[in-house]
Amino acid sequence: MKKNVIAGNWKMHKTNREALRLVTRLMKLMEKHPPRKTEVVVCPPFTALAPVAELLKGSAIRLGAQNIFWEEEGAFTGEVAARMVRGAGARYVIIGHSERRRYFKEDESVINKKIQLALKNKLQVIHCVGETLEERRHNLTQDIIINQLEWGLKGLTGDDFKKVVIAYEPVWAIGTGKTATPEQAQEVHAFIREILNTLYGNQVGSRITIVYGGSVKPENAAGLLSQPDVNRALVGGACLDARSFFKIIQASETT
Ligand code: PEP
């Protein structure tokens, strides 16, 4: 069912000590103003999952991983399995982030395998989709989104979709300081709902949580988050500072 989610993608930042400091600050801020209608998720690097999980015990903040491998286990040096992140305390996992598509050449079939494994291991999925600047300029945004939703989510059941959040992250807006306008975000979010209804039926699109990602900051959060189909945000840079992230959570609460 649709819910408001603010998730922070820490990317490759923070040692364990820094991670604990950041989460401690965030918890203090949230203690004074506990969010009533927003699920807050933090996604630190793998190394910090277990210590952050320990710190978060009893807190409403959820823990997420930034990736998993596409096989259950085995001789895959350096990779981390869904079962391991779940065991370390993660309840969410980000899959299909544009940085993984770009630097690690992840395509829809790899993304689909990861999503299936995540769901099997009781992890909620934050599935990232979005077009590059080149694709937008060539009017290909809708084609790209259809392809990502069709192949990335292939084979999912109605029950599976209850554990999936879609993150619309236009690649040209990630880490660039360029944000989609609230109208641009709303237009694509509404389109995503329509396509999911068409592809998967049963009102999957109408019911799913769709968050926006791409240079969301305290200054632009209210405009983006007040759009009817924007069920809040996946935040990169601004989540590395407890106060900025908290201000975005507050924007989610008040819009
Ligand atoms: C992201 O990486 O998911 C993201 C949205 O990053 P930023 O907010 O820094 O653009």
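Which polar backbone atom lies 2.8 Å from an oxygen atom of the ligand? In this predicted model, that backbone atom belongs to Gly 236. Two further contacts of this kind can be listed. A backbone N or O atom of Gly 237 is 2.9 Å from an oxygen atom of the ligand, and an N or O atom in the side chain of His 97 is 2.7 Å from an oxygen atom of the ligand. Taken alone, the ligand exposes 290 Å², and the protein buries 97% of that area.

The surroundings of the ligand can be described by residue and by class. The shell holds 14 residues, and the closest are Lys 11, His 97, Glu 169, Gly 175 and Ser 215. His 97 is thus among the closest residues and also supplies a side-chain atom at 2.7 Å from a ligand oxygen. Sorted by class, the shell consists of eight polar, four nonpolar and two charged residues.

The next feature is the largest pocket, with about 450 Å³ of space. Its lining comprises 17 residues, and those nearest the centre of the pocket are Lys 11, Met 12, Gln 66, Asn 67 and Arg 100. Lys 11 appears here and also in the list of residues closest to the ligand. Seven residues of the lining are nonpolar, six are polar and four are charged. Two helices, H2 (46-56) and H4 (98-103), each provide at least two residues of this lining. H4 gives the most, with three residues.

These local features belong to a chain that has twelve helices and eight strands. The radius of gyration of the chain is 17 Å, and the globule rule gives 18 Å for 255 residues; the two values are close, so the chain is as compact as a globular protein of that length. The C-alpha trace spans about 45 × 45 × 35 Å along its principal axes.

Definitions and conventions:
Residues numbered from 1 in each chain as written. Predicted model: local features only at pLDDT ≥ 70, side-chain atom pairs only at ≥ 80, totals over all residues. Heavy atoms only, no water. 1 Å grid on protein atoms, 1.4 Å probe; cavity = no way out; pocket = protein on both sides within 12 Å on 5 of 7 lines; lining within 4 Å. Points joined across faces, edges and corners; volume = space filled by probe spheres on them. Helix = DSSP H or I, 4+ residues; strand = E, 2+ residues; numbered from the N terminus. Nonpolar A, V, L, I, M, F, W, Y, C, P; charged D, E, K, R; others polar. Near = heavy atom within 4 Å. Polar contact = N/O pair within 3.5 Å; in protein donor to acceptor, adjacent residues only side chain to side chain. Areas by Shrake-Rupley, 256 points an atom, 1.4 Å probe, with all protein chains shown as cover. Rg over C-alpha atoms; globule rule 2.2 N^0.38 Å.
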